[in-house]
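Here is a short tour to read alongside the model on your screen. We will start with the whole fold and then stop at a pocket and a few single residues.

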Amino acid sequence: PSTQTVSFEVPKPLDQRLQPGERNALNYRLRELNQQILAYRVESLPADAAARRSVLELAKGLNAPNGPPLVVVPADAPDLAGLDALAQEFGLGVALDSRTDPKAAMAALEGRSSRMGVSADLGGWMQAGIKPVDGLAVVSGKLLHVRVSDRNAIGAKGRAVALGEGVGALSDFFLAAYKAGIKPSFTI
């Protein structure tokens with residue numbers, strides 16, 4: 001995430017304020033460790049157009065063998081039309097973080113390009129009373145990323161448990177995604 005410290009050598013947050021040399025050092029170290037960033041979570045997207053451009057420039061510059069990472073932004077990100085234009089310009093996927101009812105994220109994405117989609121937080125959905133497989137049916141055409149977690153109960157009274165030990169029916173979710181041909185990136 002954008003709040004994570006880059007490294008001991010570069011004790012700064014992994015955000016758009018990194019200088020070119022620091023960005024190069026990060027990319028070098030990732031290649032050295034044979035690692036890549038598949039999804040870059042931005043905790044707070046700036047409202048200023050120039051600052052938002054620099055966030056996407058940073059993501060585009062994170063050299064990964066399979067292309068730039070997916071950028072996950074808050075669900076209430078401002079100016080989605082402008083963000084969509086930047087995503088197309090930079091050739092990036094941008095996903096709205098869906099931690100509550102996925103219908104809200106889908107409404108916000110109405111009329112947006114295929115570069116814009118949803119990052120499903122399964123634990124958040126369950127806390128909001130949405131079963132993961134039911135949420136998948138809502139976002140299937142726009143699902144770009146899944147944050148996988150499980151809970152012992154659907155609703156606000158549930159708590160996080162180890163994957164597969166809760167009521168999320170994760171195997172049903174993954175099977176439904178597979179059958180629908182959906183291939184999002186995953187984080188745990």
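Seven helices and eight strands make up the secondary structure of this protein, which is shown here as a predicted model. Its radius of gyration is 17 Å, close to the 16 Å that the globule rule gives for 188 residues, so the protein is as compact as a globular protein of that length. Taken along the principal axes, the C-alpha atoms fill a box of roughly 45 × 35 × 30 Å. Of the 188 residues, 43% count as buried. Contacts also reach across the sequence: among those between residues at least 6 apart, 60% join residues at least 24 apart.

**The largest pocket**

Rolling a probe the size of a water molecule over the atoms shows where empty space is left. In this model, the largest pocket holds about 260 Å³ of space. It is lined by 13 residues, and the closest to its centre are Pro1, Gln4, Leu14, Leu30 and Ile37. Two elements give two or more residues to this lining, namely helix H1 (20-32) and strand S1 (39-41). The largest share, three residues, comes from S1. By residue class, the lining divides into eight nonpolar, four polar and one charged.

**Residues to click on**

The table gathers five residues with their places and accessibilities.

| Residue | Place | Relative accessible area | Class |
|---|---|---|---|
| Thr3 | segment before H1 | 56% | exposed |
| Asn34 | loop between H1 and S1 | 70% | exposed |
| Asp121 | strand S4 (residues 116-121) | 10% | buried |
| Val161 | strand S7 (residues 160-161) | 21% | partly exposed |
| Ala169 | loop between S7 and helix H7 (170-179) | 34% | partly exposed |

Let us begin with Thr3. Its relative accessible area is 56%, over the 50% cut-off, so Thr3 counts as exposed. Setting aside residues up to four places away in sequence, Thr3 touches Pro13 and Glu43. Gln19 sits 16 residues from Thr3 along the chain, and their C-alpha atoms are separated by 16 Å.

Is Asp121 buried or exposed? At 10% relative accessibility, Asp121 is under the 20% cut-off and therefore counts as buried. A polar atom of the Asp121 side chain lies 3.0 Å from the backbone nitrogen of Gly124. Beyond residues up to four places away in sequence, Asp121 touches Asp97, Ser98, Arg99, Arg147 and Ser149.

Val161 is found in strand S7. At 21%, its accessibility falls between the 20% and 50% cut-offs, so Val161 is partly exposed. Which residues does Val161 contact, leaving aside its neighbours within four places in sequence? They are Asp150, Arg151, Asn152 and Gly166. Val161 and Leu26 are 135 residues apart in sequence, and their C-alpha atoms are 34 Å apart in space.

**Two backbone angles**

Most residues other than glycine have a negative phi. Asn34, in the loop between H1 and S1, has a positive value near 55°. Ala169 also has a positive phi, about 50°, although it is not a glycine. Ala169 belongs to the loop between S7 and helix H7. As for accessibility, Asn34 is exposed, with a relative accessible area of 70%, whereas Ala169 is partly exposed at 34%.

Key
Residues are numbered from 1 along each chain as its sequence is written. This is a predicted model: local features need pLDDT of at least 70, side-chain atom pairs count only at pLDDT 80 or more; totals for chains, interfaces and linings use all residues. Side-chain values use heavy atoms; hydrogens and water are left out. On a 1 Å grid over the protein atoms alone, a cavity is a set of points where a 1.4 Å probe fits but cannot get out, and a pocket is an open set with protein on both sides within 12 Å along at least five of seven lines; lining residues have an atom within 4 Å of a point. Grid points are joined across faces, edges and corners, and a volume is the space filled by probe spheres set on the points. Helices (H or I, at least four residues) and strands (E, at least two) are DSSP runs, numbered from the N terminus. Ala, Val, Leu, Ile, Met, Phe, Trp, Tyr, Cys and Pro count as nonpolar, Asp, Glu, Lys and Arg as charged, and the others, Gly among them, as polar. Buried means under 20% relative accessible area, exposed over 50%, partly exposed in between (1.4 Å probe, protein chains only). Contact means heavy atoms within 4.5 Å. A polar contact is a pair of N or O atoms within 3.5 Å; within protein, one must be able to donate a hydrogen and the other to accept it, and residues adjacent in sequence count only if both atoms are side-chain atoms. The radius of gyration is taken over C-alpha atoms; the globule rule is 2.2 Å times the number of residues to the power 0.38.
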